[in-house]
Amino acid sequence: MSELAGPAMRRKTVAVKVGDVTVGGGAPIVVQSMTNTDTADVDSTVAQVTALARQGSELVRVTVDREEAAAAVPHIKEKLLQRGVTVPLIGDFHYIGHKLLAEYPACAEALDKYRINPGNVGFKEKKDRQFGAIVETALKNGKPVRIGANWGSLDQELLTHLMDENAKKPNPMDVRAVTREAMVQSALLSAARAEEIGLPRNRIILSAKVSSVQDLIAVYQDLAARSDYAIHLGLTEAGMGSKGIVASSAALGILLQQGIGDTIRISLTPEPGGDRTLEVKVGQELLQTMGFRVFVPLVAACPGCGRTTSTIFQELAKEIQGFIHESMPEWKTRYPGVETLAVAVMGCIVNGPGESKHADIGISLPGTGESPTAPVFVDGKKVATLRGPTLAQDFKAMVIDYIERRYGGARTAAE
């Protein structure tokens with residue numbers, strides 16, 4: 001009989017402090033996100049950072065693409081602190097980052113980390129100088145940097161050189177393999193240059209983001225095998241809706257299982273007017289499902305089949321899950337440990353009682369043709385049978401009562 005599988009041993013990396021958050025060095029894998037507001041619009045950016053932080057984003061990145069955005073950053077930071085939002089802010093710099101950081105020192109000071117793209121930090125003779133200027137600003141302000149190579153903006157000079165070298169080989173690699181190697185080298189050579197300038201390894205995070213699942217896996221496997229820098233994982237341009245969720249989960253899930261990755265971002269394209277916090281929820285659910293972190297109580301729910309023509313269990317599962325997510329900001333402070341709660345909402349007699357017994361609290365609703373009663377199990381034992389039009393409200397009340405009894409004591413002890 002094979003042994004039960006579990007998450008792999010985390011790859012050993014150098015720990016990096018980003019504000020009050022530790023990335024790498026064996027610390028819990030950090031979930032981060034990025035705003036899609038115009039950073040120059042202080043109020044809308046503050047509102048979105050607040051929403052992302054309250055959903056659980058532990059780092060939030062903002063675009064700093066022009067003077068107005070750089071000038072706005074200190075005001076954004078100030079307003080967030082006034083709201084009690086202390087999530088570290090990361091500045092995303094491309095093309096003129098060196099100039100903005102130099103001309104807006106308050107921006108350089110307010111940010112908790114700088115993101116540098118070695119593919120567009122500068123070109124030809126300006127590249128080393130402008131890259132060096134950003135690193136020196138990071139040194140001056142005591143900030144870490146993420147050196148993030150990207151498939152869509154790869155260093156063309158490096159890529160051309162590797163392509164030329166590859167063409168001379170008796171058995172040249174295919175173009176995609178050479179491009180992957182260019183991604184890895186771009187990140188590693190830039191990190192080595194940052195260290196030469198004086199930035200220590202405990203202030204460097206690397207990423208090499210690709211939009212293809214298989215390429216992403218290959219690139220990060222190589223990057224992890226050739227360095228001990230902390231690593232940011234993310235499938236860039238993952239897409240919208242279920243496509244983006246599935247692609248990101250497939251790629252990141254494989255790498256995380258191999259022990260690769262210290263911080264993740266799920267780069268989802270939001271629906272028009274959609275909720276930006278969805279990418280945070282997906283990141284949390286991925287880590288929790290794989291057993292790396294615990295964020296919210298889990299709700300196990302029956303998928304439904306021909307035995308469950310009633311929609312009561314679906315409605316109840318949705319209601320309980322929504323209720324838990326809405327309540328978590330308050331529950332985190334009132335009920336320490338509540339995130340470990342497991343709830344089951346099942347639809348018929350086949351698996352319902354068994355799954356309900358395995359949960360902390362569970363209900364087994366009647367399937368088609370079954371007696372219109374719903375047994376409730378608490379800590380593996382049947383404690384009640386619910387029926388009638390108030391069944392959903394009664395079960396929700398039992399969940400609240402269970403939480404108060406089990407986790408309320410932890411709050412009292414802490415006080």
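Visitor: Are Arg-115 and Asp-92 buried or exposed?

Guide: In this predicted model, Arg-115 and Asp-92 are both buried.

Visitor: How should one read the contact between the side chains of Arg-115 and Asp-92?

Guide: Side chains of opposite charge can pair when their charged atoms come close. Here, Arg-115 and Asp-92 form a salt bridge, at 3.1 Å from N to O. Arg-115 belongs to strand β6 and Asp-92 to strand β5, 23 residues apart, and the pair thus links distant parts of the chain. A search of the whole structure finds 25 salt bridges.

Visitor: Which aromatic rings pair, and how is such a pair described?

Guide: A pair of aromatic rings is described by the distance of the centres and the angle of the planes. The whole structure yields two aromatic pairs. In one of them, the ring centres of Phe-93 and Tyr-114 are 6.0 Å apart with planes at 90°, so the arrangement is edge-to-face. This pair also links distant parts of the chain, with Phe-93 in strand β5 and Tyr-114 in strand β6. Phe-93 and Tyr-114 are both buried.

Visitor: How are the rings of Phe-323 and Trp-331 arranged?

Guide: Their centres lie 5.4 Å apart and their planes meet at 80°, so Phe-323 and Trp-331 are edge-to-face. Phe-323 has 17% relative accessibility and counts as buried; Trp-331, at 6%, counts as buried.

Visitor: Which charged end sits over the ring of Phe-323?

Guide: That of Lys-396, 5.1 Å from the ring centre. Likewise, the charged end of Arg-201 sits over the ring of Tyr-229, 4.2 Å from its centre.

Key:
Residues numbered from 1 in each chain as written. Predicted model: local features only at pLDDT ≥ 70, side-chain atom pairs only at ≥ 80, totals over all residues. Heavy atoms only, no water. Phe/Tyr/Trp six-rings, centres within 6.5 Å; stacked < 30°, edge-to-face > 60°. Helix = DSSP H or I, 4+ residues; strand = E, 2+ residues; numbered from the N terminus. Buried < 20%, exposed > 50% of the residue type's maximum accessible area, 1.4 Å probe, protein only. Lys NZ or Arg CZ within 6 Å of the ring centre and 35° of its normal. Salt bridge = Lys/Arg side-chain N within 4 Å of Asp/Glu carboxyl O.
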